[in-house]
Amino acid sequence: TKLKMGGSVPKVVVLILSTQRDDYKCFVSNIRNTWAKDLKSNNISCYFYEGGWDKNSLEGDTIRLNIDDSLSNTYDKFIACASYLSMLSIDYDVLFRTNLSSYIDVPIFINFLNQSGISQKSYEGVGGITHLPRERLYAKSPTSYFTRIVSLATSLCVGFFDIGFGERIEFRSGAGLFLGSDVVAYLIEYNDYKRHVMLIDDVKIGWILKNKFNSVLNVRRFDVLESDAHKITKSEYYEMVSLGLFHYKFKNKNRAYDCNKIREMHDHSIRALICTKGS
């Protein structure tokens, strides 16, 4: 069903953090043929963005950037993408930055935009807490065994005691991040010392925006696990949906599972089976 985007609804552009890597092409294809298609049918611009190209260009629904495509460089890649949108004169009130591990229920997403009061000054998403030394280590070597041990230990500390080593950083998860146009402009222009510290993009954004743009909304997300440990009762699930659940995240070790489930989620009946207990 096509929904109206007039009235008080902010103009939104959706950016999907992507990559040239062959093992993620399944995700791009399944998103393109499900929820990205729904966005397009509702006149919402949606672009995949990826690095590793010899020049900046817009090819169909993909923004190709002349910048390093690695995980460690996601902040610079985001800034390059936002700057390129400006150069292309693509206008928006709010950017919604997500990634290839997401499924978005577009009608509920649009209702959220309509009812939440999100604006050009918004910085919203699912909240997280981390600490600077851990994130600097992760950005330099995200797949190393030592990094994983430090990450796990710090996560346990934060989860149970809210302690950790070094400066505490509150941030909004990049899996589903709302950034108003004023916030994006601030990030593009920002060039103080934090700009040059290597951190993953969502953590770095939270660090830079500290005490500048405050988060006030309760943004919901449903994380789907291959173990089925995520499953809840039907009544619990439909209550979450009624309260505005539009974002489902798939980030398991079995990436084939994630990719296939993103495609299956487009069927409402299968989506309920994926998320709930019982027959």
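**Exercise 1. Work out how strands β1 and β5 pair, and where they sit in their sheet.**

Strand β1 (residues 12–17) and strand β5 (residues 94–99) are joined by six bridges, and they run in the parallel sense. A word before we go on: this is a predicted model.

Step 1. Pick out facing residues. Val 12 lies opposite Val 94 of β5, and Val 14 lies opposite Phe 96 of β5.

Step 2. Turn to the other neighbour of β5. Strands β5 and β10 run antiparallel and share five bridges; here Leu 95 has Leu 179 of β10 as its bridge partner.

Step 3. Place these pairs in the whole sheet. The order is β3-β4-β2-β1-β5-β10-β7, an open sheet of seven strands with mixed pairing. At its edges are β3 (57–59) and β7 (123–124), each of which pairs on one side only.

Step 4. Add a helix. Helix α3 (residues 74–87) packs on this sheet and touches β1, β2 (45–50), β3, β4 (62–64), β5 and β10 (176–180). The direction of α3 makes about 145° with that of β1.

**Exercise 2. Decide whether β5 is enclosed or open to its surroundings.**

Step 1. Recall the rule for a regular strand: side chains alternate between the two faces of the sheet.

Step 2. Sort the residues by side. Val 94, Phe 96 and Thr 98 are buried on one side, while Leu 95, Arg 97 and Asn 99 are buried on the other.

Step 3. Conclude. Six of the six residues of β5 are buried, so the strand is largely enclosed by the rest of the structure.

Step 4. Look for a helix that lies across β5. Helix α7 (residues 181–189) does so, and also lies across β10, to which it runs at about 90°.

**Exercise 3. Find the residues with the most contacts inside the largest nonpolar core.**

Step 1. Begin with the general tendency: in soluble globular proteins, nonpolar side chains tend to be buried together.

Step 2. Name the residues. The largest nonpolar core has 42 residues, and those touching the most other members are Val 14, Trp 35, Phe 109, Phe 178, Phe 246 and Tyr 248. Helix α4 (residues 106–115) gives the most to this core, with six residues.

Step 3. Take Tyr 248 as an example. Leaving aside residues up to four places away in sequence, Tyr 248 has contacts that include Phe 222, Tyr 237, Val 241, Met 265 and Arg 271.

Step 4. Keep the second core separate. Another core, of 35 residues, lies apart from the largest one and includes Leu 15, Tyr 75, Leu 132 and Val 183.

**Exercise 4. Describe the packing of α3 against α8.**

Step 1. Use the two usual descriptors, the angle between the axes and the distance between them. The axes of α3 and helix α8 (residues 201–208) come within 8 Å and cross at roughly 75°.

Step 2. Classify the angle. Angles of 65 to 115 degrees count as roughly perpendicular, and α3 and α8 are therefore roughly perpendicular to each other.

Step 3. List the contact. Thr 74, Tyr 75 and Phe 78 come from α3, and Asp 201, Lys 204, Ile 205 and Ile 208 from α8. By type, the contact residues are four nonpolar, one polar and two charged.

**Exercise 5. Compare the settings of Asn 211 and Asp 228, each with a positive phi.**

Step 1. Read the angles. Phi is near 65° for Asn 211 and near 70° for Asp 228.

Step 2. Locate the loops. Asn 211 is in the loop between α8 and β11 (222–224), and Asp 228 is in the loop between β11 and α9 (234–242).

Step 3. Check exposure. Asn 211 is exposed, at a relative accessible area of 68%, whereas Asp 228 is partly exposed, at 39%.

How values were computed:
Residues numbered from 1 in each chain as written. Predicted model: local features only at pLDDT ≥ 70, side-chain atom pairs only at ≥ 80, totals over all residues. Heavy atoms only, no water. Pairing = 2+ DSSP bridges. Helix = DSSP H or I, 4+ residues; strand = E, 2+ residues; numbered from the N terminus. Contact = heavy atoms within 4.5 Å. Axes fitted to C-alpha atoms, helices over the stretch in contact; angles between N-to-C directions. Buried < 20%, exposed > 50% of the residue type's maximum accessible area, 1.4 Å probe, protein only. Core = buried A, V, L, I, M, F, W, Y, C linked by side-chain atoms within 4.5 Å. Parallel < 35°, antiparallel > 145°, perpendicular 65-115°, else oblique. Nonpolar A, V, L, I, M, F, W, Y, C, P; charged D, E, K, R; others polar.
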